[in-house]
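Work through the exercises below with the sequence and the structure at hand. Each task is followed by a solution in steps.

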Number of protein chains: 2
Amino acid sequence: MGEQALEKLRACIPLFQALSDTCRQDIILLLTKNDTLTVNEITSELTLSRPAVSHHLKILREQGILKMEQQGTQRYYSLAFENAIDQLKQLIITVEDRCY
Amino acid sequence: MGEQALEKLRACIPLFQALSDTCRQDIILLLTKNDTLTVNEITSELTLSRPAVSHHLKILREQGILKMEQQGTQRYYSLAFENAIDQLKQLIITVEDRCY
DNA sequence: TATAAACGTTTAAACTATTAAACATTTAAA
DNA sequence: TTTAAATGTTTAATAGTTTAAACGTTTATA
């Protein structure tokens, strides 16, 4: 595979970890259905506490899967899948190029 | 996003979990460099115990990332990335198709 | 058939991640 | 300038993961 492909794979660890959680996937699903939601709106749709939702939102935001816009006291979250998809595409290209 | 894309994402959880571990990535790297290795050979290259290596091999095998061939008492492990890559490709296609 | 080699599995301990309660911060409104 | 609303952060408990030791299984060989 070579070091280059390994580094791509290593770089994907936080993304894989962010995506491999059903709570976070539920949040993602909510945001595909609603376009934009506040923390309280997300909390009211799930069985998690608000701090737990906040925690998961932070992880998703750190991976660039969500974007957030603050208006007054409220924070509006929405999806930003492009970065994650691009990273996966890069990984696939590298692995296919180097590992077959 | 719709249920279809969510199901694709849900289906990827075990794959993401399998790949988001540095020990397992190290095993993958070893197998790209060596084509085929036994459990003891893998163990001698890492700082893990043999049962731990065996454990990680099992997880990787369950996700179709490795294939195994037994010859006598020895088990020869080698990479089989195709399944995982295909699954990621499917996910990307579905998300791009349904979520933009 | 007895013995050794190559593994896998079970189990208990250490480590890490997840959760909710309590607290802190920031902004808007009275 | 209080007060209330929306949210983030810290912390302690719980749940899940990872590890190595001990044990079991299978296969080859003496």
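**Exercise 1. Which parts of DNA strand D does the protein approach?**

Task: For the atoms of DNA strand D within 4 Å of the protein, state what percentage belongs to sugar or phosphate. Then describe the protein surface near the strand.

Solution.

Step 1. In this predicted model, sugar or phosphate accounts for 71% of the atoms of DNA strand D within 4 Å of the protein, and bases account for the rest.

Step 2. Count the surrounding residues: there are 22, and the closest are A:Arg50, A:Ser54, A:Arg75, A:Tyr77 and B:His56.

Step 3. Sort the residues of this surface by type: 7 are nonpolar, 10 polar and 5 charged.

Step 4. Assign the surface to elements. At least two residues each come from α4 (39-45), α5 and β2 (74-79) of chain A, and from α3 (22-34) and α5 of chain B.

Step 5. Look at individual atom pairs. B:His56 has a polar side-chain atom 2.3 Å from a phosphate oxygen of DNA strand D. For A:Val39, a polar backbone atom is 3.5 Å from a phosphate oxygen of the strand. The side chain of A:Thr73 has an N or O atom 3.2 Å from a sugar or linking oxygen of DNA strand D.

**Exercise 2. What surrounds DNA strand C?**

Task: Give the number of residues that surround DNA strand C, and find side chains with a polar atom by a phosphate oxygen of the strand.

Solution.

Step 1. DNA strand C is surrounded by 22 residues, of which the closest are A:His56, A:Gly72, B:Ser54, B:Arg75 and B:Tyr77.

Step 2. Check what the strand presents to the protein. Among atoms of DNA strand C within 4 Å of the protein, 71% are part of sugar or phosphate, and the rest are part of bases.

Step 3. Take the phosphate oxygens. A polar side-chain atom of B:Ser54 is 2.5 Å from one phosphate oxygen of DNA strand C. In B:Tyr77, a side-chain N or O atom is 2.5 Å from a phosphate oxygen of the strand. For B:Asn40, the distance from a polar side-chain atom to a phosphate oxygen of DNA strand C is 3.0 Å.

Step 4. Name the elements that give two or more residues to this surface: α3 (22-34) and α5 (50-62) from chain A, with α4 (39-45), α5 (50-62) and β2 (74-79) from chain B.

Step 5. By type, the residues of the surface near DNA strand C are 7 nonpolar, 10 polar and 5 charged.

**Exercise 3. How are chain A and chain B related?**

Task: State the rotation that superposes chain A on chain B, and name the residue of chain A whose C-alpha is nearest the axis.

Solution.

Step 1. Superposing chain A on chain B takes a rotation of 180 degrees, with 0.0 Å of shift along the axis and an RMSD of 0.0 Å.

Step 2. The two copies are therefore related as by a two-fold rotation axis.

Step 3. Within chain A, A:Phe16 has the C-alpha nearest the axis, at 2.4 Å.

Step 4. Compare the contact surfaces. Both copies use the same surface, since 96% of the contact residues of chain A recur in chain B.

**Exercise 4. What holds the count of contacts between the chains?**

Task: Describe the interface of chain A and chain B by its area, its salt bridges and its elements.

Solution.

Step 1. Chain A gives 28 residues to the contact, and chain B gives 28 residues.

Step 2. About 2,800 Å² is buried between the two chains, with 70% of this area given by carbon and sulfur atoms.

Step 3. Between chain A and chain B there are 4 salt bridges. One of them pairs A:Lys89 with B:Glu96, at 2.7 Å from N to O.

Step 4. Another salt bridge is formed by B:Asp26 and A:Arg10, with the closest N and O atoms 2.4 Å apart. This pair joins two chains, because B:Asp26 lies in helix α3 of chain B and A:Arg10 in helix α1 of chain A.

Step 5. Across the interface, 8 residue pairs are in polar contact. On the side of chain A that touches chain B, the elements giving two or more residues are α1 (2-11), α2 (13-19), α3 and α6 (82-98). The residues on that side are 15 nonpolar, 6 polar and 7 charged.

Notes. Residues are numbered from 1 along each chain as its sequence is written. Chains are lettered from A and ligands numbered from 1 in the order in which they are written. This is a predicted model: local features need pLDDT of at least 70, side-chain atom pairs count only at pLDDT 80 or more; totals for chains, interfaces and linings use all residues. Side-chain values use heavy atoms; hydrogens and water are left out. A residue is near a molecule or strand if one of its heavy atoms lies within 4 Å of it. A polar contact is a pair of N or O atoms within 3.5 Å; within protein, one must be able to donate a hydrogen and the other to accept it, and residues adjacent in sequence count only if both atoms are side-chain atoms. Helices (H or I, at least four residues) and strands (E, at least two) are DSSP runs, numbered from the N terminus. Ala, Val, Leu, Ile, Met, Phe, Trp, Tyr, Cys and Pro count as nonpolar, Asp, Glu, Lys and Arg as charged, and the others, Gly among them, as polar. Copies are superposed by least squares on the C-alpha atoms of residues with pLDDT of at least 70 in both. Contact means heavy atoms within 4.5 Å. Buried area is the accessible area (1.4 Å probe) that two parts lose on being put together, summed over both. A salt bridge is a side-chain nitrogen of Lys or Arg within 4 Å of a carboxyl oxygen of Asp or Glu.
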